[in-house]
Amino acid sequence: MSRFYLTTAIDYVNSKPHLGTAYEKVAADVIARYQRLSGVDTWFLMGNDEHSQNVHRAALEQGLDPVVYCDRMEILFRDTWEKLDVSFDDFIRTTQARHEAGVAVLATRIYSNGDIYEGVYEGWYCVGCEAFKQEKDLVDGRCPLHPTTEPHWIKEKNYFFRLKKYEQRILNHVQRYPEFIRPEARRNEIIRLLEGGLEDISVSRAGQSWGVPLPFDPQSVVYVWFDALINYISAVGYGTDQAAFERRWPADLHVIGKDITRFHTVIWPAMLMSAGLELPRQVFGHGFMTVNGQRMSKSLGTAIDPVEAADRMGPDPLRLYLVKEIPFGGDGDFTWERYDEIYNADLANNLGNLVSRVTSMAHRYCGGRVRPTGDASARLRDAGIGVTKMYRLAMDGLLLHEGVGAVFGLIDGTNRHIAEAAPWTLAKDPKNADRVTQVLFECTEAIRLAAVLLSPVMPASSREILRRVGESTDSLTLTRDGVWRDEGERVLQQAPALWPRKESQEAIRVSDKPEPTPAAAPAAAAATPSAGVAPAEPARISIDDFMKVELRVAKVLAAERVPKSNKLVKLQVDVGTEHRTLVAGIAEAYEPDALVGRTVVIVFNLKPAKLMGIESNGMVLAASADGGKPMLVGFETPPEPGTRVR
């Protein structure tokens, strides 16, 4: 069996984790879970970086011994990662004996090779980064990553690492192995840095007790960055268990933030080269998380608590947002409004509604059991096979957002398949029983396959979806479960909605009209002029009057009957720029299931009105002939949602 060793950056524990920190851990967890799903022996390491002066200061401010403080922070960090369903295999702390042993062995080895020497450092030091800065690195005299704190000018005895000695070797490696640094933008940055020349760096701090003692000078401690990087090898046995180290090292992937790419792609490789150890196979520098366009930062006060975000709708919707909405390697923005919107669009209205519709129809038309009957649709099966291939290519290439997007393409295709096959119409004739069963079997299979492929992103939700479609959730593998199956009977389970729609407080608009009585609701809900009464000659209007009515194309995402009403249907529609709730008096003409996926025309700029307690944000256009049932206005070739109708 092949193996895969994956790490994230270890975290400073001077304060609790924020959503930017969580983004890295969730993305790495998706990679680890995908590797396990692919049948790979995976080892996923996370941990805490505790030998920071900021950590020491935070402990003293709380009147705690630093180790006691770090013990408490470990519980807080572990609880956060558990809340987000992060499946790490090991959690290292830099105060652990195994790590200190690894630091001592590596530092001694580098020193013995003549690559550490004594000198004096004089220059700027950023307390936030806990890193020395050159003048060219500062912006208006401050660190660009920590602009709220001024850097200090420091002069002290240090031990230095001969980084410049490895300048050309590192450059050769980066150029020979393009995949070593990803994405390409990070790689280009490092090449420019190497071509511009390196300087030797400090590896110790004098006059401090919080840290790993330098083995060849116990009066100094190992500089926190030199110390921290070594966790990747100390965690797998370097300095304590050579056999274990040889089984796991080199790491296949370091997942880190783009602000620390230089440490991991220049300093860390040089340290390993000096010690005669293999380099990691790949370093991936992901982007920053912003909040309303502003960088997420503890010091700037823009940090969002990931536990709060997970509590809002559960960990899986948050994980989906972080992976699907943010291209891996690029920067991403988070707003509560967008979070609610994505939750409603992708989960409540799309995947969740699909699962509910298929399980409900299976019980309504097939007694809850579906099976292949021989009249298969090659289109949906081929879509499932094609999506699996795209998914694997994307995930293998760390294009996580594209992998998830491919799966949602299958979900969209399944919704279209239902709309076109119309099992509710077929079921009216008992002769179509086998065809109804086949259609629902195919949709069930597409749901099953989508749940398997989404399991690295939404593990708990995928297990529940698989349970509802009658599938085992034990020991999933892509080779066995990530393929389209055309055989077997499925016993489907009905249950409450997986993701109830959430109305964002910011999106709720209060109507300025009184709520009409139920008897008046249908007339207000849909434009269905009666042809049974000869109308008076209508007053003519000008083109300017007509242009005040804004008609737009909308796609129906979800539909359900309004309780206690024979005529009203509640619709969720996509109008291009947003999703809206509408109430339409068309229940006598259309089954709710038949409306999903349909393209309609709505009056976009109509003031909201409450119908049976539901706020309707627009009007669906329909017409009726001779007092008959209303017929929706539609298109031969539907335009995109949001298109203006003129």
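This text walks through a predicted model, from the whole chain down to single strands and one helix pair.

Start with the overall picture. The protein has 646 residues, and 54% of them are buried. Its secondary structure comprises 22 helices and 29 strands. Contacts reach far along the sequence: of those with a separation of 6 or more, 76% link residues 24 or more positions apart. The accessible surface comes to about 27,900 Å². Carbon and sulfur atoms hold 50% of that surface.

Now take strand 24, residues 599-603. How many of its residues are buried? The count is 5 of 5, and the strand is mostly covered. In a regular strand the side chains alternate between the two faces of the sheet. Strand 24 can be read in that light. Thr 599, Val 601 and Val 603 point one way. Val 600 and Ile 602 point the other way. Residues of both sets are buried.

Next come the partners of this strand. Strands of a sheet pair through backbone hydrogen bonds, either parallel or antiparallel. Strand 21, residues 551-561, pairs with strand 24 in the antiparallel sense over 5 bridges. Strand 27, residues 619-623, is also antiparallel to strand 24, and 2 bridges join them. Ile 602 is a useful residue to follow here. Arg 552 stands opposite Ile 602. In strand 27, the bridge partner of Ile 602 is Val 620.

Move to another sheet, an open one of 3 strands. Its order is 16-15-17, and its pairing is mixed. Which strands form the edges? They are strand 16 (294-295) and strand 17 (332-334), and each pairs on one side only. Strand 15, residues 289-291, runs antiparallel to strand 16, with 2 bridges between them. One bridge partnership can be named: Val 291 is matched with Gln 294 in strand 16.

Finally, look at a helix pair. Helix 12 spans residues 315-324, and helix 15 spans residues 400-421. They pack at an angle of about 115°, with their axes 8 Å apart. Helix 12 contributes Leu 320, Val 323 and Lys 324 to the contact. Helix 15 contributes Leu 400, His 401, Val 404 and Phe 408. What is the make-up of this contact in nonpolar, polar and charged residues? It divides into 5 nonpolar, 1 polar and 1 charged. The charged one is Lys 324 and the polar one is His 401, because Lys counts as charged, and His falls among the others, which count as polar.

Key
Residues numbered from 1 in each chain as written. Predicted model: local features only at pLDDT ≥ 70, side-chain atom pairs only at ≥ 80, totals over all residues. Heavy atoms only, no water. Pairing = 2+ DSSP bridges. Helix = DSSP H or I, 4+ residues; strand = E, 2+ residues; numbered from the N terminus. Buried < 20%, exposed > 50% of the residue type's maximum accessible area, 1.4 Å probe, protein only. Contact = heavy atoms within 4.5 Å. Areas by Shrake-Rupley, 256 points an atom, 1.4 Å probe, with all protein chains shown as cover. Axes fitted to C-alpha atoms, helices over the stretch in contact; angles between N-to-C directions.
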